[in-house]
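Reader: I am new to this structure. Please walk me through the terms as we meet them.

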Amino acid sequence: MKKKELGLQLDKIDYQILKLLDERMELALKWKKLNGDNNGENEQTKFLDQISNRNYGLASPQVCTQVFRSVFAESHRLQSKDFKLIGFQGAHGAYSEVASKVWNSGLIPIPNKDFTEVFENVAAGIYDYGIVPVENSLGGVISQVNQLIIGTELYVAGAVELNVHHCLMALPGTDHRELRTVYSHTQALEQCHHFLVRNKLEPLPFYDTAGSAKMLSEQAPKASAAIASHLAADIYHLDIIKENIEDFEHNITRFLIFSKEKPEVDGNKCSIIFSTAHKAGTLFKVLEVFARSKLNLTRIESIPNQQGSFAFFLDFMGSDKDEKVRQTLDEVRAHTRGFRLLGCYEEKKQL
Amino acid sequence: MKNLKLAALKGHKRSVVRVGDVEIGNGFTMIAGPCSVESEEQTIMIAEQVKAAGADILRGGAFKPRTSPYSFQGLGLEGLKILEKASLATGLPVITEVIDPRDVSWVCEYADILQIGARNMQNFSLLKEVGRVNKPVMLKRGMYSTLAEWLNCVEYILHEGNMQVIPCERGIRTFETYTRNTLDLSAVPALKELTHLPVMVDPSHGTGKASLIEAMSLAAVASGADGLMVEVHHNPAEALSDKEQALTPQEFNSLITKVRHLYDYIHNDSILAGKNEVPEEK
């Protein structure tokens, strides 16, 4: 084994330890949300007892005990602060995490394997918020998320419009001339199609953009790169080979932020959801109400419902504290079924 | 020269190569900047200085073909990123040299014009590669090349489908050693007879001596060149490459003023015809 290779392996392990440390802190924060003041001290004492008796391995029991005492102390320190958590789908560095920072950089973003887990953990009170993408200017509606919104009892606490910029990244020291394959989510690969063709790179679909960056840093496949956010490159210590490799500059994803409690904010935008009877002109009647009240609609979307009917999503400019808006919504309620005001919030943009 | 099916002037309108708002072949184009991209700070500083002086395009080398393998080889990809930043900061398009066929597509991602250096003029695999991209190519004359050999290399690029080629005279090897090369300005009117493409001159490599650059620049204007490419460094004594031939920003400023005046003088028909109406002094 060459000296350089050994050095790289050591680096890799150190980064892995660091990453696991962060993961442990995240779990400690989630633990606190479920267990309140019980910070897990009993379990930790038991664990320290066990490792002080261990009679194998190179690191001495004293050092191991010391290390874990510091780890537990840091967990307790973080647990004692009143952090607010926001769940997102994907690995760290996902565009949802980037969007969560646009909305409120003071929140602690927590990764989740899928959208369902985000909604469930917000409902269970483990996260204060959940952030999910609802639509993209190039790819359209993200139907899986919209299905979940139909069934949820959570409120919309905010929205973010993010112009998505893709970066090509590779392990430090990779010669860009030797790159052959690029991993990423299919949507990101499609959005960078021309760039990949120009540079003769083969796209390889992966379940997630940030996940592909993570995989690259952990498995180091030969002659490979990943497409993900700038944040992902920072997190996984990858070198950015080229920024802004998307074929079309205008690539905007809209995210909604959900919370369990109805947020007390002065918003300027409202989201409602409803369905209508299977009769001619019912949707028209609803739209007519908005037209008469001169409320500006910003989005209308129909999503097929499980019962064979359609759910309509409708966003408009206005505040639910405004008397005119209240009256309009009362009228809409009368024309619809299953009406629900998802929330009144402020939309943030990073374009 | 009979083989020049695409490069020959015969029956052709003179070509203009467009880069952003700049039209090479329509008016006089000034390309200036450091020999090598040394750092972000250095490149952006020089870019701002040459822009203020009136340059149209920024030059800067990221991949350097050096005589010795122990000399500074350039910053590579990092250098390309710096050039892109300098271009964004100043609005100047960027030209940079490519020496490896595998780098051609990557250089295209960052630069507006690709340069093939004198040492690579007859690197046919590189010529074919740049012939397949959608960016203008400046082809420097090889230091031992005849005009026919040079134009055949131009033809290689055109033949692959890239019609945006700019030949650039940069001096040839002669028995004279006082100058780095002998700037062959007769090549300019000769090329103008032979090809429809715009022709540039590089007096920095052509002379290798900062003190000779201004005179040869003016001579290049008189020879009918469509533009100049000169090396400028904020502190030539500390340049990592070609320090003897770099102009200071002040020297470049004075050079560009004279060059533009001379160009206007030559190309203003009324002045040459003696019909220029000079306002009477009273």
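Reader: How much area does chain A expose, and what share do carbon and sulfur atoms supply?

Author: Chain A exposes about 18500 Å². Carbon and sulfur atoms supply 53% of that area. Accessible areas come from the Shrake-Rupley method with a 1.4 Å probe, and for residues only the protein chains shown count as cover. This is a predicted model, where local features need pLDDT of at least 70, side-chain atom pairs count only at pLDDT 80 or more, and totals for chains, interfaces and linings use all residues. Residues are numbered from 1 along each chain as its sequence is written, chains are lettered from A and ligands numbered from 1 in the order written, and side-chain values use heavy atoms, without hydrogens and water.

Reader: Why is Asp100(B) called buried?

Author: Buried means under 20% relative accessible area, exposed over 50%, and partly exposed in between (1.4 Å probe, protein chains only). Asp100(B) has 16%, so Asp100(B) is buried. In chain A, buried residues make up 46% of the 351 residues.

Reader: What makes Arg102(B) a polar partner of Asp100(B)?

Author: A polar contact is a pair of N or O atoms within 3.5 Å; within protein, one must be able to donate a hydrogen and the other to accept it, and residues adjacent in sequence count only if both atoms are side-chain atoms. The side chain of Asp100(B) reaches the backbone nitrogen of Arg102(B) at 2.8 Å.

Reader: Which residues does Asp100(B) contact beyond its neighbours within four places in sequence?

Author: Contact means heavy atoms within 4.5 Å. By that rule, Asp100(B) is in contact with Arg177(A) and Leu126(B).
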